[in-house]
Amino acid sequence: MTRQAGQSARSNGGPATALPQHPPRTVGTAPRRGQVLTTRVGLQMPAMMAYDEWERAGRQLADVVDSSAWWLADWLVYGKDHYTDRYQRGIRAAGLSYQTLRNYAWVSRRFDLTRRRPALSFQHHAELASMPVEEQELWLDRAEQRQWTTKQLRGAIRAARQSEQQPRTPAEPNRHLQVPGSRFQWWHKAAEQLGVDFEQWVTTTLDSAAASALKDLGTPTQRAEVPGLGRVKVLAASAAGVPEEHTRPEGLAERIRPAAISA
């Protein structure tokens, strides 16, 4: 079968043309300038061909290859629906691979003609065939808008699935303690003098106060000893004007006043 590149039917998005019924052209016949003729065993190309013509012919041939997958798929679906007892004989007569055609037919049934995207290849659709319709449309839109190759589409799907499989740790509520700037600087200086990290100093001091206030209700973690805790208690009490004898947990708890907390 000989055809001129560029006159092939497209799956959806171009006028349909009947398959040629005439016998093949003679291989020795030279194509006219700019023409690329297809034969069963190869291409006939002009001796002198501009780059733009060569590139255009490549795009047209790619369209034929991609469209042929849809054509074969729809052909098999029709045969299976209308000739249940004979369609396999037709496959053998055509010399085609049944397994390949069966895969094509599966994709064809998953995408009816109205849902096939001419801007995307058959393989784009095959990547999405196992998904629900809503997801298929979502990924088809993305691939079309972003002009993804089949490989890029496959990578985007894989990345999305890996992200969904990662365990999500619930975020802990964020709280802000509202204090005067001078007090904040004072606490920083105290932590530096003790050689203790500021956040550790604040956490230790508040945990100590909470444990003292709650007494037996405190959890083992709240009651755990932290290095430097004694010195932190003393310095914190001193900064608040509390006598050293009151730096025991029960004495310190009596001096604690509620602080403004904002969510």
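Select Leu 128 first in this predicted model. Setting aside neighbours within four places in sequence, Leu 128 is in contact with Phe 111, Gln 136, Trp 139, Leu 140, Leu 153 and Ile 157.

Next, display the largest nonpolar core, which has 17 residues. Within this core, Phe 111, Leu 128, Trp 139 and Leu 153 touch the most other members. Colour the helices that contribute: α1, α4, α5 (133-146) and α6 (150-165) each supply at least two residues of the core. As a general point, nonpolar side chains in soluble globular proteins tend to be buried together.

Remain in helix α4, which covers residues 122-128, and select His 124. Is His 124 buried or exposed? His 124 has a relative accessible area of 7%, and it counts as buried because this value is under the 20% cut-off. The side chain of His 124 is joined to that of Ser 121 by a polar contact of 2.8 Å. Beyond four places in sequence, the residues in contact with His 124 are Ala 143, Trp 148, Thr 149, Thr 150 and Leu 153. Leu 153 was also among the contacts of Leu 128.

Move now to helix α1 (residues 51-82) together with helix α2 (residues 87-94). Their axes are 8 Å apart, and the two helices pack at an angle of about 145°. To see the interface, select Trp 75, Leu 76, Gly 79 and Lys 80 in α1, which meet Tyr 87, Gly 90, Ile 91 and Ala 94 in α2. Classified by residue type, this contact comprises five nonpolar, two polar and one charged residues.

The following stop is Asn 103, in helix α3 (residues 98-110). Asn 103 is partly exposed, since its relative accessible area of 41% lies between the 20% and 50% cut-offs. Measure from its C-alpha to that of Ala 73: the two residues are 30 apart in sequence and 8.0 Å apart in space.

Then select helix α8, residues 198-214. How far apart should the ends of its 17 residues be? At 1.5 Å a residue, the expected span is 24 Å, and the end C-alpha atoms are 24 Å apart, so the two values agree. The buried residues of α8 are Phe 198, Trp 201, Val 202, Thr 204, Thr 205, Ser 208, Ala 209, Ala 211 and Ser 212.

Finally, return to a view of the whole chain. The protein has 11 helices and five strands, and 28% of its 263 residues count as buried. Among contacts between residues at least 6 apart in sequence, 49% join residues at least 24 apart.

Technical notes:
Residues numbered from 1 in each chain as written. Predicted model: local features only at pLDDT ≥ 70, side-chain atom pairs only at ≥ 80, totals over all residues. Heavy atoms only, no water. Helix = DSSP H or I, 4+ residues; strand = E, 2+ residues; numbered from the N terminus. Buried < 20%, exposed > 50% of the residue type's maximum accessible area, 1.4 Å probe, protein only. Polar contact = N/O pair within 3.5 Å; in protein donor to acceptor, adjacent residues only side chain to side chain. Contact = heavy atoms within 4.5 Å. Axes fitted to C-alpha atoms, helices over the stretch in contact; angles between N-to-C directions. Nonpolar A, V, L, I, M, F, W, Y, C, P; charged D, E, K, R; others polar. Core = buried A, V, L, I, M, F, W, Y, C linked by side-chain atoms within 4.5 Å. Expected span 1.5 Å × (residues − 1).
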